[in-house]
Amino acid sequence: MAIGVFDSGVGGLTVHRKLVDRFPEADFVYLADQAHAPYGGLGGEEIVDLTQAGCRRLFEAGADIVVLACNTASAIALRRLQQMWLPEYRRETGRNLNALGIIVPTIEAATGRSWEHQTAPSDGKIEKLQILGVFCTAATAMSQVYEIEIQKRREDLAAFSEPCPGLAGLIELGAPVEELKVVVADHVDALRRRIGRHPDKAILGCTHYEIVAPLFAEALPEGTPLIHQPSATADALGRYFERHADYDLGRSGRRQFLTTGTPGRQSDLVAQFWGEPLSFEAA
């Protein structure tokens with residue numbers, strides 16, 4: 001089998017890079033739905049349909065497990081697919097297939113608690129309230145998944161999502177760093193004005209943003225901890241495979257990159273991040 005990685009574009013390569021480092025011998029297939037990127041401004045049903053189509057394409061390419069390396073797809077589509085589509089698709093194919101997201105590992109990393117560990121609000125006095133800033137797409141912000149799930153687990157940690165419309169698209173197009181720097185700084189300042197101060201720590205809640213993580217670190221106060229989704233996802237997938245030893249990850253180290261957009265070499269920004277030029281095949 002192969003591990004499938006799905007994103008609306010090239011942002012999911014940040015997760016893919018960490019997964020390859022974690023499982024160097026495993027086979028991987030990456031699919032970027034660049035024909036419809038970015039997902040952040042799309043409607044919910046369209047996001048579900050596109051994510052389902054992406055998962056199906058990866059399963060057809062030999063993946064038995066797909067990581068949705070996209071916060072928008074994870075927030076809007078994952079539960080629907082797990083509950084309403086995957087059970088029937090498993091029966092049709094006779095294969096042990098699954099899809100996982102990146103929001104659960106991120107919340108576990110942010111709260112220091114496992115997903116299953118939920119505590120009801122208490123009447124105890126909170127000595128200090130920590131503020132967690134979540135920079136994300138408009139669709140992820142509207143879902144309020146980070147605010148809701150973090151509140152269930154840590155009453156001393158308050159999450160505030162800051163939608164960054166257009167930023168993922170600029171990164172996808174390989175916009176100049178100086179242009180991206182201004183946009184990132186504007187969103188960091190917008191969150192500061194809204195909550196009255198800078199956050200104590202931050203989540204880059206769109207995998208595209210990880211490509212420009214240094215720009216967020218520069219715009220935030222020096223030393224502000226950033227919770228990195230790629231590392232959290234790789235750690236979580238490692239624990240998942242420990243619990244599900246029946247998955248065969250492959251041994252050939254195959255790397256295949258597919259796109260629904262225009263095949264060929266990706267932008268210089270992606271090459272700088274990945275460490276070498278990267279070309280995609282038509283999906």
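This talk walks through selected strands, helices and residues of one predicted model.

Good morning, colleagues. I shall begin with the strands, turn to two pairs of helices, and finish with a single residue.

Let us start with an open sheet. In what order do its strands stand? The sheet is formed by 4 strands in the order β6-β5-β7-β8, and the pairing is parallel. At the edges stand β6 and β8, the latter covering 226-227, and each has a single partner strand, so one side of each is left without a neighbour in the sheet. As general background, the strands of a sheet pair through backbone hydrogen bonds, either parallel or antiparallel.

Please look now at the edge strand β6 and its partner. Strand β5, residues 130-136, runs parallel to β6 and is joined to it by 7 bridges. One residue to locate here is Cys136, whose bridge partner in β6 is Pro163.

Within β6, which spans residues 157-163, we find Glu162. Is Glu162 buried or exposed? Its relative accessibility is 8%, and because buried means under 20%, Glu162 counts as buried. Setting aside neighbours within four places in sequence, we see Glu162 in contact with Val134, Phe135 and Cys136, and also with His187, Ala190, Leu191 and Arg194.

I move on to a second group of strands, centred for our purposes on β9. Strand β9 comprises residues 255-259 and pairs with strand β11, residues 279-282, in the parallel sense over 2 bridges. Two positions show how these strands line up. Leu258 stands opposite Glu281 in β11, and Thr259 has Ala282 of β11 as its bridge partner.

Strand β9 also pairs with β2. Strand β2, residues 28-32, runs parallel to β9, and 5 bridges join them. Here Ala32 stands opposite Thr259 in β9. Thr259 therefore appears in both pairings, with Ala32 of β2 and with Ala282 of β11.

Why is β9 described as largely enclosed by the rest of the structure? The reason is that 4 of its 5 residues are buried.

Strand β11 has a further pairing, with strand β10, residues 264-265; this one is in the antiparallel sense, over 2 bridges. In that pairing, Arg265 has Ser279 of β11 as its bridge partner.

Now to the helices. Two packed helices are described by the angle between their axes and the distance between the axes.

The first pair consists of helix α5, residues 103-111, and helix α7, residues 145-153; their axes come within 10 Å and cross at roughly 45 degrees. Helices α5 and α7 are therefore oblique to each other, and their crossing is right-handed. On the α5 side, the contact is made by Ile103, Thr106, Ile107 and Thr111, while α7 contributes Val145, Tyr146, Glu149, Ile150 and Arg153. Sorted by class, this contact has 5 nonpolar, 2 polar and 2 charged residues.

Let us stay with α5 for a moment. How many of its 9 residues are buried? The count is 7 of the 9, so α5 is largely enclosed by the rest of the structure. The buried residues are Ile103, Pro105, Thr106, Ile107, Glu108, Ala110 and Thr111. Just after α5 comes Gly112, which takes a positive phi of about 70 degrees.

The second pair is helix α2, residues 44-60, with helix α4, residues 78-93. These pack at an angle of about 40 degrees, and their axes are 12 Å apart. That angle makes α2 oblique to α4. The crossing of α2 and α4 is right-handed. From α2, the residues Glu45, Val48, Thr51, Gln52, Cys55, Arg56, Phe59 and Glu60 meet Arg80, Leu81, Trp85, Leu86 and Tyr89 of α4. By class, the contact has 7 nonpolar, 2 polar and 4 charged residues.

My last stop is Ile171, in helix α8, residues 167-172. Ile171 is buried, and its relative accessible area is 0%. Which residues does Ile171 touch, not counting those up to four places away in sequence? They are Leu180, His208, Tyr209, Ile211, Val212 and Leu269. As a guide to position, Ile171 and Ala63 are 27 Å apart in space, C-alpha to C-alpha, and 108 residues apart in sequence.

To close, I would ask you to keep two elements in view: strand β9, with 4 of its 5 residues buried, and helix α5, with 7 of its 9 residues buried. Thank you for your attention.

Note on methods. Residues are numbered from 1 along each chain as its sequence is written. This is a predicted model: local features need pLDDT of at least 70, side-chain atom pairs count only at pLDDT 80 or more; totals for chains, interfaces and linings use all residues. Side-chain values use heavy atoms; hydrogens and water are left out. Buried means under 20% relative accessible area, exposed over 50%, partly exposed in between (1.4 Å probe, protein chains only). Contact means heavy atoms within 4.5 Å. Axes are lines fitted to C-alpha atoms, for helices over the stretch in contact, and angles run from 0 to 180 degrees between N-to-C directions. Angles under 35 degrees count as roughly parallel, over 145 as roughly antiparallel, 65 to 115 as roughly perpendicular and the rest as oblique. A crossing is left-handed if the near helix is turned anticlockwise from the far one by less than a right angle, and right-handed if clockwise. Ala, Val, Leu, Ile, Met, Phe, Trp, Tyr, Cys and Pro count as nonpolar, Asp, Glu, Lys and Arg as charged, and the others, Gly among them, as polar. Two strands pair if DSSP finds at least two bridges between them.
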